Amino acid sequence: MYYLGLDIGSSSIKVAIVSIETGESIGVVQEPKTEMSMLAIKNGWAEQNPEDWWQYICKGILAIKEKYNISEDQIKGIGISYQMHGLVIVDKQGKPLRKSIIWCDSRAVHIGNTAFNEIGEQKCVAHVLNSPANFTASKLKWVKENEPEIYKKIYKFMLPGDYIAYKFSNVINTTISGLSEGILWDFKNDTVANFLLEYYGLDSCLVPDIVDTFSNQSQVDKQGAKESGLAVGTPIFYRAGDQPNNALSLNVLNPGEVAATGGTSGVVYAVTNNLSGKESTRVNNFAHVNYHKNAPVLGKLLNINGAGIQYRWLLNNLAVSSYEEMNTLAGKIPIGSDGVCVIPFGNGAERMLNNKEVGTRIVNLNLNNHTKAHICRAALEGIAFSFVYGMDILKSDGIKVNVMRAGNDNLFRAKIFADTVATLIEHEIEIYNTTGAIGAARASHLHLGDFKKFSKSIMDNDYVMSYSPLKNKKSYINAYENWKKELKLISNK
């Protein structure tokens, strides 16, 4: 018997099957094979058709059943991971009234910033632990202001994962974790953030019913079964945004545990029971997947735009053939890259730098002594230092670190990068080979409350290796301090 997991990204949909008994991944498929389209009518806008997500999910389910010879009756539960912060609005018939305004759409920035200033930083931080910023609540306010005829027809708003659960079941609901990612959960009063709805003039009746993250949230109905190829009555047991789900996929559930992702951009997601919003303009605070009103567990999310994209740019523009060659070259250069520093923030404004665009800089380059090997090492170190810099911000916001867990992606496969981070944060980094879709599938089992079995399945099936802090850390500290000095000089210009 199996659980099915879905990961609804903005570029593709991934569908996974795992064994209920062992948690072992049977397989993962992706739809479409190329990247999903995104509509950008104006600069800074980004929209997708929610129905496209559903069609690709149905194709993916069909493909994975056929590939692994699995029948609908063998699938006993569904877990859903989805792109965060998106807005889906539907009428009374459940039909989307417009395309979804997705996570990377920036049209509502001004609305959220104005709300933060007018409501007041103190109240926002005390109640929602964040600025309203460019999140779901602000996007819904944008619709009310700019598309009033559409707003009048709204029956409910949903997050992307809520909409997919609805397509399976014809039931509309959401979770506390989901509402918090839209800046719609009042942590102080443990209720929907009614003060923000009132400020924006949004109808509270538009908020869906709330269900537990790990529960029998709804079941596949006849229409959902016909379209998806799953059996009528198959329960949806789990739903979460992609970053909380990525943390769960890495077994990051308890205070002191940190999940890290080192892809094109980087993410550090730290779990805590500290409700501090001290760094609310640089760090986002969301209800984690195991949040309960009587036992609040938060995920503090810090995003680093300029991460793997920096190393990829070097791959494309240096005379090198692979990341492996770059890593080998970097390994020939001492810690600190003989003074060369790479400031890797060339992928737009960095929130952790108070939304400054400092760009990518290569500094202290001596044309007589330094080579492309120095640049490779300095780039790996610079990206690692940006992760450590982010961790320092999180620690100032009350985070305590016991362990960091990361996916087996390009950056964490580079020993120089992982050694640098582990040594400077003074904690072990555990590497796991997993995906969000696999994590969502396994999370279906947590409606039974068996977290011990869930954690064991990750260790048994996904653990790759660990990086331990190196004892001789003086050279790393000196290099990091030099990098911070250069960053400060650039930031103050």
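**Close-up views of a predicted model**

**View 1. Strand S1 is a mostly covered strand.** In this predicted model, strand S1 spans residues 2–8, and 7 of its 7 residues are buried. Tyr2, Leu4, Leu6 and Ile8 point one way from S1. Tyr3, Gly5 and Asp7 point the other way. Residues of both sets are buried, Asp7 and Gly5 among them.

**View 2. Strand S1 is joined to strand S2 by a hairpin.** Strand S2 covers residues 13–19 and runs antiparallel to S1. The two strands are linked by 7 bridges. One position to look for is Tyr3 of S1, which stands opposite Val18 in S2. The hairpin passes from S1 to S2 through 4 residues.

**View 3. Strand S1 also pairs with strand S5.** Which way do S1 and S5 run, parallel or antiparallel? They run parallel, and 6 bridges join them. Strand S5 consists of residues 75–82. Ile8 of S1 has Tyr82 of S5 as its bridge partner. Ile8 is also one of the buried residues of S1, on the side with Tyr2, Leu4 and Leu6.

**View 4. Helices H1 and H6 pack against each other.** Two packed helices are described by the angle between their axes and the distance between the axes. For helix H1 (residues 50–68) and helix H6 (residues 160–169), the angle is about 60° and the axes lie 10 Å apart. H1 is therefore oblique to H6. The crossing of H1 past H6 is right-handed. On the H1 side, the contact is made by Pro50, Glu51, Trp53, Trp54, Ile57 and Ile61. On the H6 side, Pro160, Tyr163, Ile164, Lys167 and Phe168 take part. Sorted by class, this contact of H1 with H6 has 9 nonpolar and 2 charged residues, and no polar ones.

**View 5. Helices H11 and H13 make another packed pair.** Helix H11 (residues 308–317) and helix H13 (residues 372–396) pack at about 165°, and their axes are 9 Å apart. Angles over 145 degrees count as roughly antiparallel, so H11 and H13 are roughly antiparallel to each other. Their crossing is left-handed. H11 contributes Gln310, Tyr311 and Leu314 to the contact. H13 contributes Ile375, Cys376, Ala379, Leu380 and Ile383. How many charged residues does the contact of H11 with H13 have? There are none; the contact has 7 nonpolar residues and 1 polar residue.

Note on methods: Residues are numbered from 1 along each chain as its sequence is written. This is a predicted model: local features need pLDDT of at least 70, side-chain atom pairs count only at pLDDT 80 or more; totals for chains, interfaces and linings use all residues. Side-chain values use heavy atoms; hydrogens and water are left out. Axes are lines fitted to C-alpha atoms, for helices over the stretch in contact, and angles run from 0 to 180 degrees between N-to-C directions. Angles under 35 degrees count as roughly parallel, over 145 as roughly antiparallel, 65 to 115 as roughly perpendicular and the rest as oblique. A crossing is left-handed if the near helix is turned anticlockwise from the far one by less than a right angle, and right-handed if clockwise. Contact means heavy atoms within 4.5 Å. Ala, Val, Leu, Ile, Met, Phe, Trp, Tyr, Cys and Pro count as nonpolar, Asp, Glu, Lys and Arg as charged, and the others, Gly among them, as polar. Buried means under 20% relative accessible area, exposed over 50%, partly exposed in between (1.4 Å probe, protein chains only). Two strands pair if DSSP finds at least two bridges between them.
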